[in-house]
Number of protein chains: 2
Amino acid sequence: MLTVRFCTAKRFSGKRFEALGGYREDWMATLADVARHAGVAASTVSYVLSGKRSVSEETRERVARSIELLGYQPHAGARALASAKSNVLALVMPLRQDLYVPVMMDIAIAVTTTARRFGYDVLLLTNDEGPEGIRRVATTARADAVILTDVGMQDERIAMVRQTGVDAVLIGVPADSAGLDCVDLDFAQAGRLCVEHLAALGHRQVAFVGEAQDTYDRQIGFAERTLGGIREAAARAGVSLIHRPCGGSYEAAAGVLARIFEERPRTSGLIVQNEAVIPPLLSLLRSTGRIVPEDVSIVAVCPDPVAEQTSPRLSSVSLPAAELGTRAVDLLMRRMADGGRDEVVLIPPTLTVRGSTGPAPQRSR
Amino acid sequence: MLTVRFCTAKRFSGKRFEALGGYREDWMATLADVARHAGVAASTVSYVLSGKRSVSEETRERVARSIELLGYQPHAGARALASAKSNVLALVMPLRQDLYVPVMMDIAIAVTTTARRFGYDVLLLTNDEGPEGIRRVATTARADAVILTDVGMQDERIAMVRQTGVDAVLIGVPADSAGLDCVDLDFAQAGRLCVEHLAALGHRQVAFVGEAQDTYDRQIGFAERTLGGIREAAARAGVSLIHRPCGGSYEAAAGVLARIFEERPRTSGLIVQNEAVIPPLLSLLRSTGRIVPEDVSIVAVCPDPVAEQTSPRLSSVSLPAAELGTRAVDLLMRRMADGGRDEVVLIPPTLTVRGSTGPAPQRSR
DNA sequence: ACATCCTGTCGAAGCGCTTCGCTCTGAGGA
DNA sequence: TCCTCAGAGCGAAGCGCTTCGACAGGATGT
């Protein structure tokens, strides 16, 4: 086998370096070195690498051997400069770190691994740079495209995307999605599924423990859509519904829960969206003597692992975070290749029945 | 005010472009354009930007105006090529996504925002590329340095760091840290604090509910060190200790807890490290009729927000995830500037007493 | 008075890669 | 037989920026 002889992070080569003083242990082969070693022109090596022109089988192999032997790796910056493509995409993470952390994490990981499959690397942007981060990354050609997460109905980042004309895919759907590619779970349908499931089990009084109030204030799309779907299905199924936003703390959950049963003691079905609330909620129900699912049924909208980590396991509509990330990258790649379809991809939700839902208790209770 | 006239993500300029056909709405100013507009040499503009040579106040202002007017942004790739510095650092995320997700997230966010302050962007690497990802990113000059998280006592990525000679900082401390900069919470001390706190409250039988068994199998540093600290302090304080690894699921927690009280019914103090276990644990204690802290005291090693989201709030040694990220970047910047000090920075832990710990119950119980 | 040192600026070379246009061969069609 | 054309390879120009050496001219030291 041939072995890599030199391969280090510091690149030293070229005239500038040789003029400076010569040999170094840590030396990086350049395309020119490969060409020289293989006895061909630099352009030929480039064509071998890119496949953009045909190269005879023979030279291709010779070049490949030289590449291997010299441990050649193309310089990303030089490539970006010459080809006007950085092969990097930027992932913009949400404003608040407190919310749906596991979801964001899954998205980030899925985006990164999927991007790699297409030869792209992922640059992480936090929102403390604001929309300017998008401009910066786009105009300095640090990234070729961006993926936005945690998209609000009105999102200032969208204006920046439009202004710079950078290719983008949103995870989440804004009010005006004209000219944009978006992907999201069909939260309205998710909401409907929850209600229909409870209704089918005979529950007539349902409470929706939603996201924190400020999520609604900021008009984050998925929260509004879920609520919409729930309301619609409740009306259709003749289920009486109350909606209570709820922060992630134990106290918030306690307050909300108390108020729900105070106002409507007959409440037998709970729909939960804010995953942080789930542990407190279960704990509170238990300590107030309500058995799940005999007395109260719970259905959640959350990632499957979360639903499976409680006791009893939660019936839930799963939030396929990884799929969102993967699909976003797919859309982005297609957009960069063929141009955008300005498509809104809504992933159809599925409800998995686990141990937290059962028939509504008899009236005689 | 002067306004930016052209500013888009697509860059079109230079001879290659003009030869190709001329004017486009979306046009990007280059350094040469700025120079021409300001009536100076390109190098002068460069020096204005970098400050590496003195430029008269007058020309500096003229150049600044031109930059503003043309909406000039330097091309990252060109910079990287010419200066042999990408101004990017790579953050390598852990193998498993299941563990300490909020911690990783905080680290990622802290690293990103801190890096920005130094003019660096952050590239996200997942471990499914393995150590090769580090090589790739280093040898293609996509990143100037790397930050490793979730470092094991024996970590194959370290060999790659040594081999490529890329600047690196580890979050976590490996068995052999020679030639490396590391930063971590002083987990041994954290463990000691937990034991000492319980001992001071009179607890004589303590159980350590640790990380999942495979975390110990993989010899992740922090898990071993915590255990070490706990053992040492227990021996010193005359506290009798058992250690039970515990996965994150409800069932695992139930099993471990049951076994603990079976083996040693007098157990009155619990130390918890795996934050996923906390909600199930509290829930189980309640349902088996043990009151916290009257019957059982709990002290956790976890991020403050986690400790504050339960009822009762947990006395805990805080895991300063954000600080780890910030410090890692600081170390890295210093390393790139002055060379490495090969330093292991251990952040001194602090224990915050909250509602979950109290005096040990009387023997007569 | 001279050699010497800054300061501020310029021009040119260079970073490592892609891509365009050209040349040369040999095969195939008319 | 002549022309065409695809295949294979080369050379050079170019991407947009940094940096080195040079140089003009004024200030400084002796």
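Which residue takes a positive phi just after H2(A)? Gly39(A) does, at about 70°. The views below show this residue and other parts of a predicted model.

**View 1. Helix H2 of chain A and the glycine that follows.** Helix H2 of chain A covers residues 31–38. Four of its residues, Asp33(A), Val34(A), Ala35(A) and Ala38(A), are buried. The buried residues of H2(A) pack against two helices of chain A: H3 (42–50) and H4 (57–70). Gly39(A) comes just after H2(A), and its phi is positive.

**View 2. Strand E8 of chain A, covered on both faces.** E8(A) spans residues 269–272. In a regular strand, side chains alternate between the two faces of the sheet. Here, Gly269(A) and Ile271(A) lie on one side. Leu270(A) and Val272(A) lie on the other. All four are buried, and both faces of the strand are covered.

**View 3. The strands paired with E8 of chain A.** Strand E6 of chain A, residues 205–209, runs parallel to E8(A), and four bridges join them. In this pair, Phe208(A) has Ile271(A) as its bridge partner. E8(A) also pairs with strand E9 of chain A, residues 297–302. That pairing is parallel too, over four bridges. Across it, Val272(A) stands opposite Ala300(A). Helix H13 of chain A, residues 278–287, joins E8(A) and E9(A) in a β-α-β unit. The unit is right-handed.

**View 4. Leu285 of chain A and its contacts.** Where does Leu285(A) sit? Its place is in helix H13 of chain A. Leu285(A) has a relative accessible area of 0%, so it counts as buried. Setting aside neighbours within four places in sequence, Leu285(A) is in contact with Leu257(A), Phe261(A), Leu270(A), Arg290(A), Val292(A), Val296(A) and Ile298(A). One of these, Leu270(A), is also among the buried residues of E8(A). Pro349(A) is 64 residues from Leu285(A) in sequence. In space, the two are 27 Å apart, C-alpha to C-alpha.

**View 5. A sheet built from both chains.** Twelve strands form an open sheet with mixed pairing. Their order is E11(A)-E5(A)-E4(A)-E3(A)-E1(A)-E2(A)-E2(B)-E1(B)-E3(B)-E4(B)-E5(B)-E11(B). At the edges are strand E11 (344–347) of chain A and strand E11 (344–347) of chain B, each paired on one side only. From one strand to the next, the twist averages 20°.

**View 6. Where the sheet passes from chain A to chain B.** Strand E2 of chain A and strand E2 of chain B each cover residues 121–125. They run antiparallel, joined by three bridges. At this join, Leu124(A) stands opposite Val122(B).

**View 7. The contact between the two copies.** A turn of 180° and a shift of 0.0 Å along the axis lay chain B on chain A, with an RMSD of 0.1 Å. The two copies are therefore related as by a two-fold rotation axis. Both copies use the same surface: 100% of the contact residues of chain B recur in chain A. How many residues does each chain give to the contact? Chain B gives 64 residues and chain A gives 64 residues. Between them, the chains bury about 5300 Å², with 56% of it on carbon and sulfur atoms. Met105(B), Leu124(B) and Thr139(B) supply 11% of the area that chain B buries against chain A, more than any other three residues.

Definitions and conventions: Residues are numbered from 1 along each chain as its sequence is written. Chains are lettered from A and ligands numbered from 1 in the order in which they are written. This is a predicted model: local features need pLDDT of at least 70, side-chain atom pairs count only at pLDDT 80 or more; totals for chains, interfaces and linings use all residues. Side-chain values use heavy atoms; hydrogens and water are left out. Two strands pair if DSSP finds at least two bridges between them. Axes are lines fitted to C-alpha atoms, for helices over the stretch in contact, and angles run from 0 to 180 degrees between N-to-C directions. Buried means under 20% relative accessible area, exposed over 50%, partly exposed in between (1.4 Å probe, protein chains only). A crossover is right-handed if, with the strands pointing away from the viewer, the path from the first strand over the helix to the second runs clockwise. Copies are superposed by least squares on the C-alpha atoms of residues with pLDDT of at least 70 in both. Contact means heavy atoms within 4.5 Å. Buried area is the accessible area (1.4 Å probe) that two parts lose on being put together, summed over both.
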